Amino acid sequence: MTTIGFIGSGHIGSQLARLAVRSGYDVVVSNSRGPETLSGLVAELGTHARAATAREAADAADLAVVTIPLKNIDQVPVEELAGKTVIDTDNYYPQRDGSIPALDAEETTTAELLQAHLPTSHVVKAFNHIYARDLTTDPLPAGSSDRRALAIAGDDDSAKAQVAALIDEFGFDVVDAGPLAEGWRIQRDTPGYGPRLDRAGLTQALAAAKRYRDM
């Protein structure tokens, strides 16, 4: 049984945990406030879920999800995630995260920052451009004509394939945006950020994305 470990269990994290349990995965959820604060979520998720510290969740994970405010990126466990695929759902909101000069200058992306923090992990950008509420209402079976698509970006082909398979299991088509450096194409204020798009629509939205400095 594959275990998905969650570093962060807020709006996105809790919804992804629901999808994971629905798809037959074990999940270990964590947050910054302690396992005892997640008792309600664990009770809802059932016997395939347990709460733990972030370090314990990372250690137990076969596949990990980091879904925290970007300002807390340095708190993500490193050694426990070595060699593992790590899904990054984070977005940069300066009003919440404070100013991050490298992102303000568009010299890097949020996922590249996480990859730098986790040098031996395989970071894949995913789930950052869909509203949390839509994660459990929009899934459709593979082959559905109006199936929603989600984008991924990453530097490791094997890790991207693993995440793409997971997204398909969760009920969404996948569009590969390319390497982590291309993850900016699906950041806030881009055409693909938020709306419900099928594979063709999301592909067009990624192509139409502009850097903030060019908007």
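I started at the N-terminal end of the sheet: Ile4 has Leu63 in β4 as its bridge partner. This is a predicted model, so I'm reading everything below as computed.

**β4 and its neighbours**

I looked up the pairing around β4 next. Strand β1 (residues 3-7) and β4 run parallel, with four bridges between them. β4 is also joined to strand β5 (residues 85-88) by four bridges, and that pair runs parallel too. Within it, Val65 has Ile87 in β5 as its bridge partner.

Then I checked where the side chains of β4 (residues 63-66) go. Leu63 and Val65 point one way, Ala64 and Val66 the other way, and all are buried. That fits the textbook picture: in a regular strand, side chains alternate between the two faces of the sheet.

**β7, α8, β8**

I moved on to strand β7 (residues 149-154) and strand β8 (residues 173-176), which run parallel and share four bridges. Ala151 sits opposite Val175 in β8. With helix α8 (residues 157-170) added, β7 and β8 make a β-α-β unit, and I noted its hand as right-handed.

**Aromatics**

How many aromatic pairs are there by the rule? I got one. Phe127 and Phe170 form it, at 6.2 Å centre to centre with 35 degrees between the planes, so it goes down as tilted, since stacked needs under 30 and edge-to-face over 60. Both Phe127 and Phe170 are buried.

Why did I bother with where they sit? Phe127 is in the loop between β6 (122-125) and α7 (132-135) and Phe170 is in helix α8, so the pair ties together parts 43 residues apart in sequence.

Notes: Residues are numbered from 1 along each chain as its sequence is written. This is a predicted model: local features need pLDDT of at least 70, side-chain atom pairs count only at pLDDT 80 or more; totals for chains, interfaces and linings use all residues. Side-chain values use heavy atoms; hydrogens and water are left out. Two strands pair if DSSP finds at least two bridges between them. Helices (H or I, at least four residues) and strands (E, at least two) are DSSP runs, numbered from the N terminus. A crossover is right-handed if, with the strands pointing away from the viewer, the path from the first strand over the helix to the second runs clockwise. Buried means under 20% relative accessible area, exposed over 50%, partly exposed in between (1.4 Å probe, protein chains only). Rings of Phe, Tyr and Trp (its six-membered ring) pair if their centres lie within 6.5 Å; planes under 30 degrees apart count as stacked, over 60 as edge-to-face and the rest as tilted.
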